[in-house]
Structure formats: C-alpha cells, structure tokens
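Student: Please take a close look at the salt bridges of this model and the places around them. I would like one connected account rather than a list.

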Amino acid sequence: MTAEKLPRIGLGTWQNEDPDQCAETVRTALEMGYRHVDTARFYGNEEAVGEGIAAADVAREDVFLASKLHPMAEGLAYDEVYDGIEESLSLLGVEALDLVYVHWPVGNYDAAETLSAFGDLVDDGLARYVGVSNFDTELLAEALDALDVPLLANQVERHPMLPRDDLVAHAQEHDYYLVAYSPLGRGDALDLPAVEAVAEKHGVSPAQACLAWVTHPDNVVAVPKATGADHLEDNLAAADLTLDPEDVERIDAVDRRERFVDREGAPWK
C-alpha cells in the first residue's frame, strides 16, 4: 500500500451546512481523535471546516485534509482547476491540501487536461496527493494512464447494499485506497439483520459493525458523516473493531442492492 497511511475512519462533512455546527463538529472530531477530514467545494462548507481545524487543539500537520473540485461548479479545465484550488485553499485557510479529488467524471472533465492540472497542483505544492471520485474501472484505467503522479484514492459509495467488489479489487491491484462515502447506506444498513447480528455478537452498535465490514479490506477507509459527539465517538470506535471471517461472510451475503447517490450524466452502468 502507498506510503501515506490513511486512518481507517475519517470524518465526512457532506450536508453539514450550518457554519457554526460544521466548525464545531470538525473541532470536536479532531480533539476526539479523528485525523482525516473530507469536504468539497460543492458542499459549501470549506470555510467552516477550516475554522474547525484552526480551532482544534491539534496541529495542522497532523490533519489529513481532503477536498474536491466539481465539474458542474468550479469546472475541470486546466485553468479552472487552478482557480478552484486557490479558492478552496483561501476558504479553508490552509497553504495546501493533503488530497484533492476530481469530484465527478462528468461535465468538462477530460482525463488528459484535468489530470495534467491535478498533477501540476502536486508539483507546485498546492496538494500532496491526487484522488478521483465516482470512477468505475474503465475511467480508472484511463486516469491511471493520464496521471504523471501516483493516484492515492478513489472515493465511492460503498456499504453492505453496494459492496463495489470490483473497485476494491482494482484498488488492491493498483495500490491505492478506496474511500467509502455513505458507508452506513444513509442509515438503512443499520437495520439489516446481518449487520444487527454481527453487532450483537460483538456487543457493539450496528454502525460500528457496518463500518468494520466496510473497512475490512486493508485498502478501504470510510468517511461517515456525523455531527453529534455521541455518533462521532461511536463511528470512530469502529477503527478498533476487527470482524471474524464468518462475520464478514455474513454481511457479504446481504442480497439487497441499492445505490443512494447518483448523478444524471454520470457514466455508471
């Protein structure tokens, strides 16, 4: 696996749009032990995320900060990438991002032009790593061919109802992380009998059992969103839970299939 070791559980901030609540959530999470914070220009909360990082009693260099540029908002032409990242850095109040993602491979995304710009962000010290989000294996092959810097991550929806085994395997083969968003399936995964049974066996919450399954492969990390301290603490505790092989098989056997996040025009089959 890549030399950069990502925490098994990070903090997602999608829909955390109230500035005061968002900043407080980020501060609380970091002081609780989170070290990976995920945001995006499209979320409209980068300024609040930056305020939370600044307020936390945690050094900036100890926080792995990721954001994304959206093709339908910032745009993904070469100059738009640079304009977008400069605005993100200004809003976040940081000198560089640890990871910058292509949010969706739609709109004016062009593998050669867009990823050339992302690679130059790394060369210019504005980002440490490049990632993509919502890419399938065909788009990943194209991206890997176009990039002149290593790919650190592909962020996709992953939970027991959408396991994405092909993407887990592709990430393992090419030595990058799969970052799971919506890892609790918008809460629906917590009511699955298999998840409830595994949680009861280990004496943990269904959220912990679900997150432990999502991050069972060594190359998969999760960024569940939460605001309250109780949910933040519960999610983070999943990092210390190791499932038995039979637990993994039990949740693997869930036959319900559902995708919660989709975008018109996205090249998903």
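**Salt bridges and their surroundings**

Tutor: Asp98 is buried, and its relative accessible area is 7%. The cut-off for buried is under 20% relative accessible area, so Asp98, at 7%, falls in that class. The model is a predicted one, and what follows should be read as a description of that prediction.

The side chain of Asp98 meets that of Arg128 in a salt bridge, with 2.9 Å from N to O. Asp98 belongs to strand β4 and Arg128 to strand β5, so this pair ties together parts that are 30 residues apart in sequence. The two partners differ in cover: Arg128 is partly exposed, with a relative accessible area of 39%, whereas Asp98 is buried at 7%.

A second salt bridge joins the side chains of Arg256 and Asp188, again at 2.9 Å from N to O. Here too the link is between distant parts of the chain: Arg256 sits in the segment after α10 (245–252), while Asp188 is in the loop between β7 (177–181) and α7 (193–202), 68 residues apart. Arg256 is partly exposed at 32% relative accessible area. Asp188 is partly exposed as well, at 29%.

Arg256 has another partner, Glu258, and the side chains of these two meet in a salt bridge of 2.4 Å, N to O. Glu258 is partly exposed, with a relative accessible area of 30%. Elsewhere, salt bridges with shared partners join Glu4, Arg60, Asp98 and Arg128 into one network. The pair of Arg128 and Asp98 described above is therefore part of a wider set, which also takes in Glu4 and Arg60. The count for the structure comes to 13 salt bridges.

Next, the loops that follow the two strands. Tyr109 and Phe135 form an edge-to-face aromatic pair, with 5.5 Å centre to centre and 80 degrees between the planes. Tyr109 lies in the loop between β4 (97–102) and α4, and Phe135 in the loop between β5 (127–133) and α5, so the pair ties together parts 26 residues apart in sequence. Tyr109 and Phe135 are both buried.

Asn134 is in the loop between β5 and α5 too. Its phi is near 65 degrees, a positive value in a residue other than glycine. Asn134 counts as buried, at 3% relative accessibility. Most residues other than glycine have a negative phi. Gln15 is another residue with a positive phi, of about 70 degrees, although it is not a glycine. Gln15 lies in the loop between β1 (11–12) and α1 (19–32), and it is partly exposed, with 46% relative accessible area.

Some acidic residues are without a salt bridge. Asp79, Asp83, Glu86, Asp110, Glu113, Glu142 and Asp145 gather in a patch of negative charge on the surface. The elements that contribute two or more residues to the patch are α3 (78–92) and α5 (137–146). Helix α3 gives the most, with 3 residues. Glu113 is found in helix α4 (residues 111–123). The patch takes residues with over 30% relative accessible area and no salt bridge, so Glu113, partly exposed at 35%, is on the right side of that area cut-off.

Helix α3 also carries aromatic side chains. The structure holds 2 aromatic pairs. One of them is the stacked pair of Tyr78 and Tyr82, with 5.5 Å centre to centre and 20 degrees between the planes. Tyr78 and Tyr82 are 4 residues apart in helix α3, which means that about one helical turn separates them. Tyr78 is partly exposed, at 28% relative accessible area, while Tyr82 counts as buried, at 14%.

Definitions and conventions. Residues are numbered from 1 along each chain as its sequence is written. Side-chain values use heavy atoms; hydrogens and water are left out. Patches are made of residues with over 30% relative accessible area and no salt bridge: like charges are joined within 9 Å, nonpolar side chains (Val, Leu, Ile, Met, Phe, Trp, Tyr) within 5 Å. Accessible areas come from the Shrake-Rupley method with a 1.4 Å probe; for residues, only the protein chains shown count as cover. A salt bridge is a side-chain nitrogen of Lys or Arg within 4 Å of a carboxyl oxygen of Asp or Glu. Lys and Arg count as positive and Asp and Glu as negative; His and the chain ends are not counted. The place of a charge is taken as NZ of Lys, CZ of Arg, CG of Asp or CD of Glu. Buried means under 20% relative accessible area, exposed over 50%, partly exposed in between (1.4 Å probe, protein chains only). Rings of Phe, Tyr and Trp (its six-membered ring) pair if their centres lie within 6.5 Å; planes under 30 degrees apart count as stacked, over 60 as edge-to-face and the rest as tilted.
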